[in-house]
Amino acid sequence: MSRHSLSVHGLVAGYGDRTILHGLDLDVLPGRITAIVGANACGKSTLLRSMSRLLTPRAGQVLLDGKAIHKMPPRRVAQVMGLLPQSPTAPEGITVADLVSRGRHPHHGILSRWSPADDAAVAAALEATRTVELAERAVDELSGGQRQRVWIAMALAQQTDLLLLDEPTTFLDISHQVEVLDLLTDLNHRRGTTVVMVLHDLNLAARYADHLVAMVGGRLHAQGTPEAVLTAENVRAVFGLDSRIIPDPTSGRPMMLPIGRHRMA
Amino acid sequence: MTATLLIRTGRLRRARRRMAVIGGALILLLAGFALTLMQGQSFVPPGDVLRVLAGHDVPGASFTVGQLRLPRAALSVLAGLSFGLGGAAFQIMLRNPLASPDIIGISRGASAAAVFGIVVLGIDGPMLSVLAVLAALGVAVMIHGLSHRGGVSGTRLILVGIGVSAMLESFIAYTLSRAPSWDLIEAMRWLTGSVNGAQLSLALPLLVSLAVFGGLLVSRARDLESLRLGDDTAAALGTNVARTRLLVIVAAVGLIAVATAVTGPVAFVAFLAGPIAARILGPNGSVLIPAGLVGALLVLAGDYVGQFLLPTRFPVGVVTGALGAPYLIYLIVRVNRAGGSL
Ligand SMILES: Nc1ncnc2c1ncn2[C@@H]1O[C@H](COP(=O)(O)OP(=O)(O)O)[C@@H](O)[C@H]1O
Ligand SMILES: [Mg+2]
């Protein structure tokens, strides 16, 4: 079970003289899966980067276990919270085993040595992502789906209670998308890991998330259960798109069918 | 369970290969060092070399080995270590082999200040070295400041650095054009690296710089290595990115500047050492220490070649420059094509 709490209070953040997030409040449900959705450039990545201490807020704060995250040492934060950035880059030639081992970084100081527990953590991460047989391969030779699993393995090797992922399924074909989301759900069920992820596909978000967060222009537009958030009005407000919502015959969760200008019966 | 075993054996194999590369480089360096003490214009047998090193007076060898060859070899190794470590640190930090201090104007800053000091201010000795070190630091700060726009991007810093380097180059040319001929010889030492007329006393500042700055870099090797994953991933893994960058810049510039003050900017050693070491080492851990050793080998071997294996004598910087220039062209062509990295 997740022991750590994460919340956002009146968060204002941006780059240079541009403000991207305009006062945002969010309580992450411990031990649950939260999906953040919103149009391109509405500030999803900026929110995730602020929540994981990468970006310092202009105003407001992010609290990890009740303490301001930006006042905490980065290593301490990284021991309880992992982040997989949007499209991370692997150094040329690095092997899968080496990359996944980097996930152990926050658990080591200048002098500490690699331990059997580190090997076990890396192995467990490879097994969970079914990448054991790739261990000695170079990351830049892998397919997109394999590579994404390897990056997730690195975040898993970090063994954090909180895991933030920025578009972990983008650029994957549909079967790999489902596979990644199943994997994260397994992790959530088995270890109680709190998952917060940015997703592009509304239907997959509604199916896999316990809690859905919709953003518009750097503000929180709606949050709650998928049933409460995935409504035609919200889709219109968030994406400027007409749609119909029907129950997903497989999961019973809401499912969005877009309505365009053509091919209407 | 079996996966754990697999990870463990893979890790141990990487560690073994790494130790083999480092050990091999050390042996090569030691052999090269011994060789340059024995063989030069004349041959001095190993026994005599050892007696000189032990402080005995050996007629016919004490001067050649003790006063000429030993200072030369010692400064070559120490300066080479400094160039190799400092250059690789920049390349790793900015994820680009072009980001070496001799490409982005930091070494040029030291040269320009020294030439200015000699020709315009008329100073020399330690004062001049201090001026050169300060100028290198100043150029580093300036490049960093100029390329800072909501975070420093590696590419921007490299481009700004190349521009600054070109400006300094023309400043040097202008200053030299106004210099009296007797200053030219002294100024030349600051333009092409050389260990001619090396004195053993100059090993001390290099040793101190290696202990302080080199020690700092090596102790930060793991954080530095994490920067190769990108700033966001490194930060998410608990690396204090801004502080690591600052420490690495200060330490690497310190190493480069002090070495430049002693030997002049031995061309392209900082630039070449990292990529050569990376090629030899493969994906087996941080390239930092191997790059230091490769740097030392480059200067030692380059000086030997320049002294004895070419028709006329050349300072070491000419030899390493001839080696580095084609590689620079190759890199620019390749990076232009594929956006590659170290
Ligand atoms: N490093 C940066 N510097 C300047 N502006 C940025 C940076 N990263 C993102 N932005 C801008 O901030 C806005 C929000 O970006 P982002 O949070 O990445 O959106 P999303 O993830 O929702 O697509 C965009 O307009 C983007 O151009
Ligand atoms: Mg984004």
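**Reading a predicted model: ligand 1, a covered helix and some loops**

Modeller: By class, 5 nonpolar, 4 polar and 2 charged residues make up the shell around ligand 1. Keep in mind that this is a predicted model.

Colleague: Fine. Which residues are around ligand 1?

Modeller: They are A:Tyr15, A:Arg18, A:Ile20, A:Ala39, A:Asn40, A:Ala41, A:Cys42, A:Gly43, A:Lys44, A:Ser45 and A:Thr46.

Colleague: What lies within polar reach of an oxygen atom of ligand 1?

Modeller: For polar contacts, look at N and O atom pairs within 3.5 Å. An N or O atom in the side chain of A:Ser45 is 2.7 Å from an oxygen atom of the ligand. A polar backbone atom of A:Ala41 is 2.8 Å from a ligand oxygen, and a polar side-chain atom of A:Arg18 lies 2.9 Å from one. As for cover, the protein takes up 64% of the 560 Å² of accessible area that ligand 1 has on its own. Two elements of chain A give two or more residues to the shell: strand E2 (18-28) and helix H1 (44-51).

Colleague: Which element gives the most to that shell?

Modeller: H1(A), with 3 residues.

Colleague: Let's move to chain B. How should I read a helix such as H4 (residues 106-121)?

Modeller: Start with the general picture: an α-helix has 3.6 residues a turn, so residues three or four places apart point the same way. Then check the span. H4 of chain B has 16 residues and reaches 21 Å from its first C-alpha to its last, close to the 22 Å expected at 1.5 Å a residue.

Colleague: How many of the residues of H4(B) are buried?

Modeller: 12 of the 16, which makes this helix mostly covered. Among the buried ones are B:Ile106, B:Ala110, B:Ala113, B:Gly117 and B:Val119. The cover includes helices H3 (62-93), H5 (125-146), H6 (154-177), H7 (181-188) and H11 (241-263) of chain B. Just after H4(B), B:Gly122 takes a positive phi of about 65°.

Colleague: And what is the general rule for the sign of phi?

Modeller: Most residues other than glycine have a negative phi. Here, A:Arg53 has a positive phi of about 80° although it is not a glycine. A:Arg53 sits in the loop between H1 and strand E4 (59-64) of chain A. B:Phe268 also has a positive phi, near 65°, and is found in the loop between H11 and helix H12 (269-281) of chain B.

Colleague: Which class of exposure does each get, A:Arg53 and B:Phe268?

Modeller: The cut-off for buried is under 20% relative accessible area. B:Phe268 has 17% relative accessibility, so it counts as buried. A:Arg53 has a relative accessible area of 23%, so it is partly exposed.

Colleague: Where is A:Asp248, and what does A:Asp248 touch?

Modeller: A:Asp248 is in the loop between strands E11 (242-247) and E12 (254-259) of chain A. This residue counts as buried because its relative accessibility is 6%. Leaving out residues up to four places away in sequence, A:Asp248 touches A:Arg207, A:Arg253, A:Pro254 and A:Met255.

Colleague: One more: is A:Asn188 buried or exposed?

Modeller: Buried, because its relative accessibility is 7%. A:Asn188 is in helix H6 (residues 174-191) of chain A. Beyond neighbours within four places in sequence, A:Asn188 is in contact with A:Gly31, A:Arg32, A:Ile33 and A:Thr193. The A:Asn188 side chain reaches the backbone oxygen of A:Thr193 at 2.8 Å.

Methods
Residues numbered from 1 in each chain as written. Chains lettered and ligands numbered in written order. Predicted model: local features only at pLDDT ≥ 70, side-chain atom pairs only at ≥ 80, totals over all residues. Heavy atoms only, no water. Near = heavy atom within 4 Å. Polar contact = N/O pair within 3.5 Å; in protein donor to acceptor, adjacent residues only side chain to side chain. Areas by Shrake-Rupley, 256 points an atom, 1.4 Å probe, with all protein chains shown as cover. Helix = DSSP H or I, 4+ residues; strand = E, 2+ residues; numbered from the N terminus. Nonpolar A, V, L, I, M, F, W, Y, C, P; charged D, E, K, R; others polar. Expected span 1.5 Å × (residues − 1). Buried < 20%, exposed > 50% of the residue type's maximum accessible area, 1.4 Å probe, protein only. Contact = heavy atoms within 4.5 Å.
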